Amino acid sequence: MNEIINITLRRETPADYSSVENLTREAFWNVHVPGCDEHYLAHVLRGSDFFIAELDFVAEYDGILVGNIMYANSHIASAEGVIYPVLTFGPVSVLPQHQSKGIGSALILHTLALARELGHKIVVIYGDPEYYQRFGFIAGEQFGIRSRDGFFAPALQVLELVPRALNEINGRFCEAEVYSTDAQAAEEFEASFPPKPKAVTASQKRFLELLSQCHE
């Protein structure tokens, strides 16, 4: 990790929206697929019923926004039809030139602590286990938690904010519907930004590797 920098964490305001969408685009461009749609997700997430404004934070460094994290309400549905509320977060965005400086970790740790204070008990995300295990996330498979379409997935990670919160809870993780972005709408939104070249990258290979490890 590079040298840690001093940042200020604060709630996002409407004046930040454009900057956050731009930094999110920069953070995710060509990471999972050629191009990205995470900036469109940030744009529509704020206006959805799933959005949790109290956990929407930005990181500021030297007067510039360098990071952001957003949360949404989701749930686990048991085979018996019982619905268990959970949190999910994403996008978690840090400007490329400021990555590996502890900004993403600071945003995650700060908001997880706040989520616990607000009474939330469980967080479920899709993310790279190699990164998220440092925060205590473990594979959902260990708790019998599958994806919405019924698969165990290495990228499906869970965290108990309260000890034993997942006791006797299993089923399918149903991510907030807003995360299923409309491809055409995302493309139209992207057209409002300056053009950027799309490319195939090593990080995309890692993303495909995790997808290939899903199983019943």
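Which residues in helix 2 meet which residues in helix 5? The points below address this contact and then turn to the strands and the aromatic residues of this predicted model.

1. On the side of helix 2, the residues concerned are His39, Tyr40 and His43, and they meet Ala185, Ala186, Phe189 and Glu190 in helix 5. Sorted by class, this contact comprises 4 nonpolar, 2 polar and 1 charged residues.

2. The geometry of this helix pair is as follows. Helix 2 spans residues 38-45 and helix 5 spans residues 183-190; their axes come within 9 Å and cross at roughly 100 degrees. Because angles of 65 to 115 degrees count as roughly perpendicular, helix 2 and helix 5 are assigned to that category.

3. Helix 2 is mostly covered, with 6 of its 8 residues buried. The buried residues are Glu38, His39, Tyr40, Leu41, Ala42 and Leu45. Their packing partners are helix 1 (17-28), strand 3, strand 4 and helix 5.

4. Tyr40 merits a separate comment. This residue lies in helix 2 and has a relative accessibility of 12%, so Tyr40 counts as buried, the cut-off being under 20%. Leaving aside residues up to four places away in sequence, Tyr40 touches Thr181, Asp182, Ala185, Ala186 and Phe189. Ala185, Ala186 and Phe189 also appear among the helix 5 residues that meet helix 2. As a distance reference, the C-alpha atoms of Tyr40 and Ala165 are separated by 33 Å, and the two residues are 125 residues apart along the chain.

5. Strand 3 (residues 64-77) and strand 4 run antiparallel and are joined by 10 bridges. Within this pairing, His75 has Pro85 in strand 4 as its bridge partner. The two strands form a hairpin with 5 residues between them, and Gly81 in the turn has a positive phi of about 90 degrees.

6. How many of the 12 residues of strand 4 are buried? The count is 9 for this strand, which covers residues 83-94, so strand 4 is largely enclosed by the rest of the structure. Strand 4 is also one of the elements against which the buried residues of helix 2 pack.

7. The aromatic residues form 10 pairs by the ring-centre criterion. One of these, Tyr126 with Phe173, is tilted, with 5.7 Å from centre to centre and 50 degrees between the planes. This pair links distant parts of the chain: Tyr126 belongs to strand 5 (residues 122-126) and Phe173 to strand 9 (residues 171-174), 47 residues apart. The two partners fall into separate burial classes: Tyr126 is partly exposed, with a relative accessible area of 35%, whereas Phe173 counts as buried at 1% relative accessibility.

8. Is the pair of Tyr131 and Phe135 stacked or edge-to-face? The ring centres lie 5.5 Å apart and the planes are at 65 degrees, so the pair is edge-to-face; the cut-off for that class is over 60 degrees. Tyr131 counts as partly exposed at 25% relative accessibility, while Phe135 is buried, with a relative accessible area of 11%.

9. Tyr131 and Phe135 also belong to one aromatic cluster, whose members are Tyr71, Phe89, Tyr131, Tyr132, Phe135 and Phe137. Given the residue ranges already stated, Tyr71 falls within strand 3 (residues 64-77) and Phe89 within strand 4 (residues 83-94).

Notes
Residues are numbered from 1 along each chain as its sequence is written. This is a predicted model: local features need pLDDT of at least 70, side-chain atom pairs count only at pLDDT 80 or more; totals for chains, interfaces and linings use all residues. Side-chain values use heavy atoms; hydrogens and water are left out. Axes are lines fitted to C-alpha atoms, for helices over the stretch in contact, and angles run from 0 to 180 degrees between N-to-C directions. Helices (H or I, at least four residues) and strands (E, at least two) are DSSP runs, numbered from the N terminus. Angles under 35 degrees count as roughly parallel, over 145 as roughly antiparallel, 65 to 115 as roughly perpendicular and the rest as oblique. Contact means heavy atoms within 4.5 Å. Ala, Val, Leu, Ile, Met, Phe, Trp, Tyr, Cys and Pro count as nonpolar, Asp, Glu, Lys and Arg as charged, and the others, Gly among them, as polar. Buried means under 20% relative accessible area, exposed over 50%, partly exposed in between (1.4 Å probe, protein chains only). Two strands pair if DSSP finds at least two bridges between them. Rings of Phe, Tyr and Trp (its six-membered ring) pair if their centres lie within 6.5 Å; planes under 30 degrees apart count as stacked, over 60 as edge-to-face and the rest as tilted.
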